[in-house]
Amino acid sequence: MSDQQVDNGKRTWLIATGCAGAVGGVATAVPFVSTFQPSERARAAGAAVEVDISAIKPGEKLTVEWRGKPVWIVRRTPEQVAALAKMDGELADPKSDRTQYPTPDYAKNEARSIKPEYFIAVGICSHLGCSPSDKFQTGPQPSLPDNWSGGFLCPCHGSTFDLAGRVFKNKPAPDNLEVPPHMYLSDTKVLIGEDKKA
């Protein structure tokens, strides 16, 4: 047996054990390194949420969760959008100037939205954190004025909001409903939690 045959055998054995060691090292490192990434729960807590709005019909509402809060996406009818202009005199903050929940500039209009047809808001009353109920039907109803033109009623203490989430005067809620940062990715997709200016 020559010295060269012995060296080739050692070399093959060294390469094989080196490769096995490298594979074992990678197999051990991957799970360890992955523990530095945030969990699915942590990502969901602060991550932006992409929503398909194509199935929402006029006069309907879709609720999604963002940062553990209910976020409403309301598709208003043309009549509901037109009624918003007549509400200013009855509202505590018609221009969304109060700062408890700063309103993004693109929602500082009477519709409080980028597209008047769609209203996006966090569905939590600014008074004590209850979730208001939908009261989209117009006209007199229990706990609502006779000239009700649709909106939301907080069942806890009676605060009322129009279909742009603006609180009516002389109600317990100190502010309008919060409009979260959002942007449209297409005509049928909206991203809640991020906007281009953020």
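A residue counts as buried when its relative accessible area is under 20%. By that cut-off C154 is buried, because its relative accessible area is 3%. The model that shows this is predicted.

The predicted protein contains three helices and nine strands. From the N terminus on, their order is α-α-β-β-β-α-β-β-β-β-β-β. The protein has 198 residues, and buried residues make up 36% of them. Among contacts with a separation of 6 or more, 54% are accounted for by residues 24 or more positions apart. The exposed surface amounts to about 11400 Å². Carbon and sulfur atoms supply 56% of that surface.

The interior was examined next. In soluble globular proteins, nonpolar side chains tend to be buried together. Here the largest nonpolar core has 20 residues. V74, F119, F152, F161 and L177 have the most contacts inside this core. Strand 3 (69-75) and strand 4 (118-122) are the elements that give two or more residues to the core. A second core is separate from it and has 13 residues. This second core includes I56, I73, V190 and I192.

The cysteines come next. A disulfide is a covalent bond between the sulfur atoms of two cysteines. A search of the whole structure finds one disulfide. The bond joins C130 to C156, with an S to S distance of 1.9 Å. The torsion about the S-S bond is about -105 degrees, so this disulfide is left-handed. C130 lies in the loop between strand 4 and strand 5 (133-135). C156 lies in the loop between strand 6 (151-153) and strand 7 (160-162). The pair therefore ties together parts that are 26 residues apart in sequence. The two partners fall into separate accessibility classes. C130 has 17% relative accessibility and counts as buried. C156, at 38%, is partly exposed.

Which cysteine sulfur is nearest to that of C125, a residue in no disulfide? The sulfur of C154 is the nearest, 3.9 Å away. A disulfide requires sulfur atoms within 2.5 Å, so the 3.9 Å between C154 and C125 is too far for a bond. C125 has 2% relative accessibility and counts as buried. C154 is also buried, at 3%.

D162 lies in strand 7. At 1% relative accessibility, D162 counts as buried. Its side chain reaches the backbone nitrogen of A164 at 2.9 Å. Beyond its neighbours within four places in sequence, D162 is in contact with L84, M87, L91, G150, G151, F152 and F168. One of these, F152, is among the residues with the most contacts inside the largest nonpolar core. G151 and F152 fall within the range of strand 6 (151-153), and L84 within that of helix 3 (78-84).

Backbone torsions were then considered. Most residues other than glycine have a negative phi. R112 has a positive phi, near 50 degrees, and is not a glycine. R112 lies in the loop between helix 3 and strand 4. Is R112 buried or exposed? R112 is buried, with a relative accessible area of 1%. N170 is also not a glycine, and its phi is positive at about 60 degrees. N170 is found in the loop between strand 7 and strand 8 (182-184). In contrast to R112, which is buried, N170 is exposed, with a relative accessible area of 79%.

The loops on either side of helix 3 supply two further sites. T77 is found in the loop between strand 3 and helix 3. T77 is buried, with a relative accessible area of 17%. Leaving aside neighbours within four places in sequence, T77 is in contact with P58 and G59. D97 lies in the loop between helix 3 and strand 4, the loop that also holds R112. D97 is exposed, with a relative accessible area of 51%. D97 and K108 are eleven residues apart in sequence. Their C-alpha atoms are 8.3 Å apart in space.

Conventions:
Residues are numbered from 1 along each chain as its sequence is written. This is a predicted model: local features need pLDDT of at least 70, side-chain atom pairs count only at pLDDT 80 or more; totals for chains, interfaces and linings use all residues. Side-chain values use heavy atoms; hydrogens and water are left out. A nonpolar core is a set of buried Ala, Val, Leu, Ile, Met, Phe, Trp, Tyr and Cys residues joined through side-chain atoms within 4.5 Å. Buried means under 20% relative accessible area, exposed over 50%, partly exposed in between (1.4 Å probe, protein chains only). Helices (H or I, at least four residues) and strands (E, at least two) are DSSP runs, numbered from the N terminus. Contact means heavy atoms within 4.5 Å. Accessible areas come from the Shrake-Rupley method with a 1.4 Å probe; for residues, only the protein chains shown count as cover. A polar contact is a pair of N or O atoms within 3.5 Å; within protein, one must be able to donate a hydrogen and the other to accept it, and residues adjacent in sequence count only if both atoms are side-chain atoms.
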